Amino acid sequence: MLSLLYQEGPSTKGIFRRSGSAKTFKELKEKLDSGTEVDLARESIFVTASLFKDFLRNIPGSILSSQLCDKWVSVLDQGNNEEKIKSIQRLIEHLPRANVFLLRYIFGVLHVIEMQSEENQMNAFNLAVCIAPSLLWPPVSSTPDTESEFIKKISSLVQFLIENCCRIFGDEITSLFGEI
């Protein structure tokens, strides 16, 4: 999924914002969940993006770890960008290796999409609004007002992560997919 999003996302207007066919999404999700081989390259990139966000939402405790939720939310309240980046890097060290590995690829994809925002209209802010709720959620349910405020904070955090991904994850993030 990430490979397809890396290839097609930068040239797709509204990637992650638009959703594909609900029927196709449901059918493909059922096939993927049952372990059936699926050729996503033959499907709409919007369905692939929806499947990927669904995959992220189903990671137990979220990819950024709901246990660290308060720390993630407070990162942007810290001093200058350098201090924020250092805090983020320290938080990443507390995540399971598999999560860190996946995060590097996710932000590699988001970075390459954001670099083509003139064409796809998906700048860091727009990408963050679309993907942030799939990356982190609070460990306990909350009121709609609290949840709305939380989503705004997480979206700002994800926007910061996208805009500074090379400094956070290293410059090699831009070449994780090699020459596809």
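## Salt bridges, aromatic pairs and a nonpolar core

Lys26 and Glu30 join their side chains in a salt bridge, with 3.6 Å from N to O. The model you are looking at is a predicted one, and this pair makes a handy place to start reading it. Lys26 and Glu30 both belong to helix 2 and sit 4 residues apart, so about one helical turn separates them. Lys26 is exposed, at 52% relative accessibility, while Glu30 is partly exposed, with a relative accessible area of 47%.

Helix 2 itself covers residues 22–34. How well does the span of helix 2 agree with 1.5 Å a residue? Its 13 residues should span 18 Å, and the C-alpha atoms at its ends are 18 Å apart, so the two values agree. After helix 2 comes Gly35, with a positive phi near 90°.

### More salt bridges

Over the whole structure, a search turns up 7 salt bridges. Three of them are set side by side here.

| Salt bridge | N to O distance |
|---|---|
| Lys26 and Glu30 | 3.6 Å |
| Lys86 and Glu82 | 3.9 Å |
| Glu172 and Arg104 | 3.2 Å |

Lys86 and Glu82 lie in helix 5, and because they are 4 residues apart there, about one helical turn lies between them. Both partners are partly exposed: Lys86 has 43% relative accessibility, and Glu82 has 38%.

Where do Glu172 and Arg104 lie? Glu172 is in the segment after helix 10 and Arg104 is in helix 6, so to speak two distant parts of the chain, 68 residues apart, that the pair links. Glu172 is partly exposed, at 41% relative accessibility. Elsewhere, Lys29, Asp33 and Asp54 are joined into one network by salt bridges that share partners.

### Aromatic pairs

There are 5 aromatic pairs in the whole structure. One of them brings together Tyr105 and Phe177, in an edge-to-face arrangement with 5.2 Å centre to centre and 85° between the planes. Tyr105 is part of helix 6 (residues 97–115) and Phe177 of the segment after helix 10 (165–169), so this pair ties together parts that lie 72 residues apart in sequence. Are these two residues buried or partly exposed? Tyr105 is partly exposed, with a relative accessible area of 21%, because the buried class ends under 20%. Phe177, at 14% relative accessibility, falls on the buried side.

Phe107 and Phe169 make another aromatic pair, and this one is stacked: the centres are 5.6 Å apart and the planes make an angle of 20°. Phe107 lies in helix 6 and Phe169 in helix 10, so the pair ties together parts 62 residues apart in sequence. Both rings belong to buried residues, with a relative accessible area of 1% for Phe107 and 8% for Phe169.

Tyr105 and Phe177 also turn up in a wider group: together with Tyr6 and Phe101 they form one aromatic cluster.

### The nonpolar core

In soluble globular proteins, nonpolar side chains tend to be buried together. Which residues touch the most other members of the largest nonpolar core? That core has 59 residues, and the answer is Phe16, Trp72, Ile106 and Phe107. Several helices give two or more residues to this core, among them helix 1 (2–8), helix 3 (45–57), helix 4 (69–74), helix 8 (124–135) and helix 9 (144–163). Helix 6 supplies the largest share, 8 residues.

Ile106 gives a closer view of this packing. Setting aside neighbours within four places in sequence, Ile106 is in contact with Leu2, Phe52, Leu56, Ile63 and Leu135.

### A buried serine

Ser62 is worth a look as well. Ser62 sits in the loop between helix 3 and helix 4. At 2% relative accessibility, Ser62 counts as buried. Not counting residues up to four places away in sequence, Ser62 touches Asn99, Leu135, Leu136 and Trp137. Leu135 is thus a contact of Ser62, and Leu135 is also in contact with Ile106.

Key. Residues are numbered from 1 along each chain as its sequence is written. This is a predicted model: local features need pLDDT of at least 70, side-chain atom pairs count only at pLDDT 80 or more; totals for chains, interfaces and linings use all residues. Side-chain values use heavy atoms; hydrogens and water are left out. Rings of Phe, Tyr and Trp (its six-membered ring) pair if their centres lie within 6.5 Å; planes under 30 degrees apart count as stacked, over 60 as edge-to-face and the rest as tilted. Buried means under 20% relative accessible area, exposed over 50%, partly exposed in between (1.4 Å probe, protein chains only). A nonpolar core is a set of buried Ala, Val, Leu, Ile, Met, Phe, Trp, Tyr and Cys residues joined through side-chain atoms within 4.5 Å. Contact means heavy atoms within 4.5 Å. The expected span of a helix is 1.5 Å times one less than its number of residues. A salt bridge is a side-chain nitrogen of Lys or Arg within 4 Å of a carboxyl oxygen of Asp or Glu.
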